[in-house]
Amino acid sequence: MNVLIFVGFHLAEVCYQKYPKIPRIILWIMVEIAIIGSDMQEVIGTAIAFNLLSNGKIPLYGGVLITITDTFIFLFLDKYGLRKLEAFFGFLISVMAIAFGYEYVTVAANQGEVVKGLFIPWCENCDKDSIMQAVGIVGAVIMPHNMYLHSALVKSREVDRNNQKAVKEANMYYFIESAIALFVSLIINIFVVAVFAEAFYGKTYRQVYSNCLRHNISQDSIFNIFWNSTIQGDLYKGGVFLGCMFGAPALYIWGVGILAAGQSSTMTGTYSGQFAMEGFLKISWARWKRVLFTRSIAIGPTLLVAFFEGVQDLTGMNDFLNVLQSLQLPFALIPVLQFTGDPALMKSFTNGRVMQTVAWVLSILVIGINLFFVIEYVQQIPANVGYYFLVSLILLFYITFLLILVGIKFIG
């Protein structure tokens, strides 16, 4: 990704220059879908965080409405410039790391099993739902639209692009920056997954409910069901569970971590959407319009589910959005691989054949796995023939567009 600094344009701008109009517009729509899906997840996470931090006094639909204020917070920070926002983003990441790190230490996960799981991706006796969640997590972690954001942030740095030595030096530092960011993201996700695995595994609703009463956790009613059944974890139950098992501070710190994650997601989604729109369409909106555009689309369905249904349906929506993010991943991966492997564009900075081959093989593998599990996900939903016919048409369009994108001939 960082080698795109050589051409002096960010990823969306190169897409505008190299792709024909129709594929370029479809690609932009896919990026927007990923951004809106991410914003819906932010709304869900923030609503859950407010509910937890208020001991249930703020209902879920109230938390969804409060997320509208994110717009004003963002606009207030935006006037101080991009670097100040980057610093604030770093602060939010630090809050997440500290909060989820506290939970990790509190739960005291088996360190040997955690390390083993990092190197041996195996889930013993897991059902399809568990595997689907694991695959969905990949999409949630990577956030495909962030590739467009990162390339634009790299472009904003002052580098003499006519000096190969300066470009190589900049690439080295950007590589270090990206590696650190991905490493911190990995650590935070290890904390979250390990906390869920260690805390929830084998626990029944009866066991947890008695602990809720002991620690006086007001949201104990979610565990006063299915007494002998094992718990199915989610963001909301995770916070309440930690409070029941380890005391109220664990619940509040979990809520703070989710809140910080939601705010950071708002910032990345807004900026990546801004850069994508400017790059793909050559249209420049004020950032407050970008925030209102994505937030309006995200809040509508989320508010309806929060008001008329409940937290279980919100977390189910969150799982679906994770899968959606996985499906959007190729629309960031394929352009990056195509451009960085194009000698006419990259000159001496072109990726070598070995790097290209490995990257393409891994990308095809990930795309294939995602498609397989999306089909599995669809088959689990009871519906009529019309529903399956519509889904089949969408998947056909999706696969066809991927093949067109891979085989497309650059213009210019």
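I took helices as DSSP runs of H or I with at least four residues, numbered from the N terminus. On that basis I place Val 115 in helix H6. The model under examination is a predicted one.

**Entry 1: the surface patch.** I looked up the accessibility of Val 115 and found a relative value of 45%. I record Val 115 as partly exposed, because that class lies between the buried limit of 20% and the exposed limit of 50%. I then noted that Val 115 belongs to a nonpolar surface patch together with Leu 118, Phe 119, Ile 120, Trp 122, Phe 183 and Leu 186. The accessible area of these residues together is about 830 Å². Helix H6 (111-119) and helix H9 (164-200) are the elements that contribute two or more residues to the patch. I assign the largest share, three residues, to H6.

**Entry 2: helix H15.** I turned next to residues 330-340, which form helix H15, and found 11 of its 11 residues buried. Among them are Pro 330, Phe 331, Pro 335, Gln 338 and Thr 340.

**Entry 3: the second largest pocket.** I looked up the volume of this pocket and obtained about 500 Å³. Its lining consists of 21 residues, and those closest to the centre are Phe 320, Leu 324, Leu 327, Val 374 and Ile 394. I asked which helices each supply at least two residues of the lining. They are H2 (21-53), H14 (311-328), H17 (353-379) and H18 (385-407). By residue class, I count 19 nonpolar and two polar residues in the lining, with no charged residue.

Conventions. Residues are numbered from 1 along each chain as its sequence is written. This is a predicted model: local features need pLDDT of at least 70, side-chain atom pairs count only at pLDDT 80 or more; totals for chains, interfaces and linings use all residues. Side-chain values use heavy atoms; hydrogens and water are left out. On a 1 Å grid over the protein atoms alone, a cavity is a set of points where a 1.4 Å probe fits but cannot get out, and a pocket is an open set with protein on both sides within 12 Å along at least five of seven lines; lining residues have an atom within 4 Å of a point. Grid points are joined across faces, edges and corners, and a volume is the space filled by probe spheres set on the points. Ala, Val, Leu, Ile, Met, Phe, Trp, Tyr, Cys and Pro count as nonpolar, Asp, Glu, Lys and Arg as charged, and the others, Gly among them, as polar. Buried means under 20% relative accessible area, exposed over 50%, partly exposed in between (1.4 Å probe, protein chains only). Patches are made of residues with over 30% relative accessible area and no salt bridge: like charges are joined within 9 Å, nonpolar side chains (Val, Leu, Ile, Met, Phe, Trp, Tyr) within 5 Å. Accessible areas come from the Shrake-Rupley method with a 1.4 Å probe; for residues, only the protein chains shown count as cover. A salt bridge is a side-chain nitrogen of Lys or Arg within 4 Å of a carboxyl oxygen of Asp or Glu.
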